[in-house]
Amino acid sequence: MALIKQIRQRTGLAIGVIAGGLILFLLGGDLLSPNSQLLGGSQNIVGEIAGEDITYEEYVAKIEEFRVAYQQRTGRAPAEVEMVSVREQAWQAMIVEKVFQEEYEELGLTISPAELVDMVQGKNIVPELRQQLVNPQTGEFDKSQLISFLQSLETADPAQQAFWAQQEQLFADSRLRVKYDNLVATSEYASTAEAKMAYKAANSTAEVSVLHIPYSAVAPSEVEVTDAELEEYLRKNKEKFERGAFASIEYVNFSILPSREDSAEVITTIQQLTEELRSSTEDSAFVSRNSEVRPAFLTIGPGEELPADLTNNVDEIVEGETYGPFVTANSSYASYKITDQYEGTPRMRASHILFTTEGMDDAAKAEVRAQAEEVLADLKNGGNFAQAAAQYGQDGTSQQGGDLGWYAQEEFVEEFADATFARNSTGLLPNLVETEYGYHIIEVTELPQTAYTKVAVLQLELIASDATRNEAFRNADTFAAESGNRNEFTENAQEGNYRILQANEVQPSARNINNLSNAREVVRWAFSEASQGEVSPVFELDNSYVVASLVSKKEEGEVSLEDVRAQVEEQVRNEKRAKVIMDAIAGKTTLEEMKAVYPEVAAINEIPDLKLSSSVLSGIGFAPKAIGAVFGMEQGQISQPIQEDIGIIVAKLNTLTPAGEIGDYTAYQAQLTQGAAQRTSYQVMMALQDLADVKDYRYKFF
């Protein structure tokens with residue numbers, strides 16, 4: 001609570017509440033899962049990070065933090081499909097906490113109290129707060145709501161104050177990660193030699209003739225493959241076939257899609273409601289009562305799009321008019337009423353490159369200004385703004401080309417806002433703009449716009465009626481009750497003329513099975529409860545009831561030959577086929593002679609503009625080894641046969657056009673640097689996870 005005191009001292013404001021206390025709500029299902037300690041489960045380890053066990057209770061507590069944050073951000077509790085993302089965010093946060101904390105400490109990265117104050121009520125308020133504190137009349141961030149909210153926290157109960165402190169910690173953790181990612185990303189550098197190589201790879205071209213002989217040229221019967229050879233190949237190539245746990249299941253699907261009668265009823269209802277909306281004088285209240293989509297009343301401001309189902313059907317909207325009903329992309333029905341069109345707070349869009357000067361003395365600031373002036377001069381001469389932002393920008397926008405999105409004048413620091421809103425044309429500002437954060441190079445991308453539109457949205461979902469659902473459930477329940485094992489499952493499916501579908505090698509983290517979405521409960525049953533040959537109870541999915549039978553299940557570990565026989569056999573057989581093909585064309589001196597050995601399947605392709613940077617031969621396929629060989633050959637030379645995954649390649653270099661020399665490679669340097677910077681965050685995350693040896697057992701619980 002020391003931070004709360006700091007905020008009061010700096011602003012004279014008390015602290016308020018964003019939301020109520022912590023509740024479990026959707027996590028109730030998780031707490032009552034078969035593996036829960038509340039029900040006497042013997043194992044409660046959901047994973048391992050850096051050698052440390054992560055308990056079910058720890059993980060659920062972290063999920064709750066993110067669930068509450070989601071509810072505060074959106075104004076509603078997450079549905080189960082959204083809880084998937086919430087749980088994943090919580091897991092990634094635990095990895096970051098345990099893996100990155102040591103990195104932060106070694107680098108000295110911190111969030112100061114003053115910085116956090118600025119994030120929650122200063123000039124750089126975090127997006128999470130901006131998104132949830134919006135004036136419903138203007139559709140814009142309302143700082144007065146934030147002030148009121150902060151003032152109310154001083155008298156709030158301890159649980160609510162603890163929740164706010166928890167939110168501040170989430171903001172701080174997020175900012176630390178941004179700092180770390182930016183620090184690592186800006187450390188990326190491409191040398192002139194690398195830039196030259198990239199330039200030559202992109203601009204060196206060759207005219208080649210390519211003979212392609214697919215492995216199918218040799219019939220399977222012509223090569224013998226023994227189990228001993230397969231075992232030997234698997235032993236030497238274990239890393240290619242390592243895999244986690246997987247299961248194979250069979251299932252019968254009982255559809256609960258809407259019937260013709262269901263559709264007719266929805267159409268009649270929305271037509272009636274549309275007429276009522278047309279004559280309504282309280283549009284917001286009407287759609288709030290009757291629409292099945294939320295939010296049902298929209299304020300569309302500059303930079304925002306009208307609903308696609310409206311613009312796809314109406315060329316020009318008119319205030320006061322009602323349009324629809326229309327069939328939407330997700331097969332619901334929607335009508336729209338244009339309640340109001342008015343001129344509101346101007347909003348514009350710009351990008352910037354920030355050269356920070358916070359905490360610097362005058363001499364250091366002068367050096368930063370000189371660098372910024374140099375970059376600005378380069379941009380005036382036609383430099384790429386997005387690339388420069390990625391290379392030089394020192395805030396969270398750098399990896400988005402400096403894009404700040406749409407904003408109102410009062411939302412930005414005064415010097416910045418004044419400079420951009422004074423413009424009467426898009427483009428690069430001619431001079432640097434100095435603020436308390438440093439020097440900004442600014443490019444105006446959209447001039448201020450003031451048009452706002454209020455839209456009432458009336459939408460009804462086309463779903464199966466109770467009668468349709470009940471009929472499907474009765475059929476599924478009867479089928480499950482009469483199928484005590486897999487044999488009975490098969491017999492009953494045949495007698496009932498039900499199609500048995502297969503899902504092979506389902507991963508434990510899978511959420512879908514074939515074309516069945518949100519089938520997580522079926523997957524969890526297969527891995528946590530079912531034994532081989534067992535038949536499941538009835539599972540209710542989005543548009544169907546499902547009854548499944550477990551065919552087989554494998555735990556994580558090295559695979560046996562039987563698990564991957566088909567893949568291994570294909571590899572071994574292709575290696576033998578390659579040798580047969582190479583022996584058959586040995587001694588031939590032209591591509592035409594080689595093609596004549598396999599006239600039915602072999603082909604010669606003429607490629608007039610093959611680039612060194614390519615990895616695919618046009619009309620043939622992925623062949624990086626062959627392309628590399630081409631650019632190491634002399635004109636008129638024919639390569640040795642090259643074994644690729646797609647077959648045997650023999651190339652003849654007809655002409656080679658090397659890339660010409662250029663005087664300046666900085667554009668290629670910037671491109672390489674930007675590409676590396678964009679990949680760095682993910683690559684670092686993966687590397688640290690590997691070092692931490694993260695083990696994930698969550699599939700047993702969720």
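How many bridges join strand 7 to strand 8 (residues 403-408)? Four bridges do, and the two strands run antiparallel. That pairing is a good way into this predicted model, and we will come back to it after a quick look at the whole chain.

## The chain as a whole

The chain holds 23 helices and 20 strands. Its C-alpha atoms fill a box of roughly 90 × 80 × 60 Å along the principal axes. Of the 702 residues, 43% count as buried. If you take the contacts with a separation of 6 or more, residues 24 or more positions apart account for 70% of them.

## Strand 7 and its partners

Strand 7 (residues 333-356) pairs with strand 6 (residues 322-327) in the antiparallel sense, over four bridges. The hairpin these two form has five residues between the strands, and Ser331 takes a positive phi there, near 65 degrees. With strand 11 (residues 438-460), strand 7 pairs in the antiparallel sense over 19 bridges.

Here are some residue pairs that you can pick out in the structure, including two from other parts of the chain:

| Residue | Opposite residue | Strand of the opposite residue |
|---|---|---|
| Tyr323 | Tyr336 | strand 7 |
| Tyr333 | Leu460 | strand 11 |
| Arg349 | Trp406 | strand 8 |
| Glu48 | Lys695 | strand 20 |
| Ile642 | Ile649 | strand 19 |

A loop residue also meets this part of the model. Val293 lies in the loop between helix 12 (283-290) and strand 5 (297-300). Leaving aside neighbours within four places in sequence, Val293 is in contact with Val457 and Gln459. The C-alpha atoms of Val293 and Val457 are separated by 7.7 Å, although the two residues are 164 residues apart along the chain. Is Val293 buried or exposed? Val293 is partly exposed, with a relative accessible area of 22%.

## The three-stranded sheet and helix 4

Next comes an open sheet of three strands, in the order 2-1-20, with antiparallel pairing. Strand 2 (52-55) and strand 20 (695-696) stand at its edges; each has a single partner strand, so one side of each is left without a neighbour in the sheet. Strand 1 and strand 20 pair over two bridges. Helix 4 packs on this sheet, touching strand 1, strand 2 and strand 20, and its direction makes about 35 degrees with that of strand 1.

## The nonpolar cores

The largest nonpolar core has 49 residues. Among those with the most contacts inside it are Tyr59, Phe100, Trp164 and Tyr180. Strand 1 (45-49), helix 3 (56-74), helix 4 (80-107), helix 5 (113-121), helix 7 (143-152), helix 8 (158-186) and helix 23 (666-692) each give two or more residues to this core. Helix 4 supplies the largest share, eleven residues.

Leu146 is another of the residues with the most contacts inside the core. Not counting residues up to four places away in sequence, Leu146 touches Val120, Gln121, Ile125, Leu129, Leu133 and Phe141. Apart from the largest core lies another, of 23 residues, among them Ala245, Tyr251, Val506 and Ala510.

## Helix 23

Helix 23 has 27 residues and reaches 38 Å from its first C-alpha to its last, close to the 39 Å expected at 1.5 Å a residue. Where does helix 23 bend? The bend comes at Thr680 and is about 40 degrees. Asp693 follows the helix and has a positive phi, near 50 degrees.

Gln669 is found in helix 23. Gln669 counts as buried because its relative accessible area is 13%, and the cut-off for buried is under 20%. Not counting residues up to four places away in sequence, Gln669 touches Tyr189, Ala190, Ser191, Thr192 and Ala195.

## The four-stranded sheet

Another open sheet has four strands in the order 15-3-19-18, with antiparallel pairing. Strand 15 (603-611) and strand 18 (642-644) stand at the edges, each with a single partner strand, so one side of each lacks a neighbour in the sheet. From one strand to the next, the twist averages 35 degrees. Three bridges join strand 18 to strand 19 (residues 647-657), and these two run antiparallel.

Methods. Residues are numbered from 1 along each chain as its sequence is written. This is a predicted model: local features need pLDDT of at least 70, side-chain atom pairs count only at pLDDT 80 or more; totals for chains, interfaces and linings use all residues. Side-chain values use heavy atoms; hydrogens and water are left out. A nonpolar core is a set of buried Ala, Val, Leu, Ile, Met, Phe, Trp, Tyr and Cys residues joined through side-chain atoms within 4.5 Å. Buried means under 20% relative accessible area, exposed over 50%, partly exposed in between (1.4 Å probe, protein chains only). Contact means heavy atoms within 4.5 Å. Two strands pair if DSSP finds at least two bridges between them. Axes are lines fitted to C-alpha atoms, for helices over the stretch in contact, and angles run from 0 to 180 degrees between N-to-C directions. The expected span of a helix is 1.5 Å times one less than its number of residues. The bend at a residue is the angle between axes fitted to the seven residues ending there and the seven starting there.
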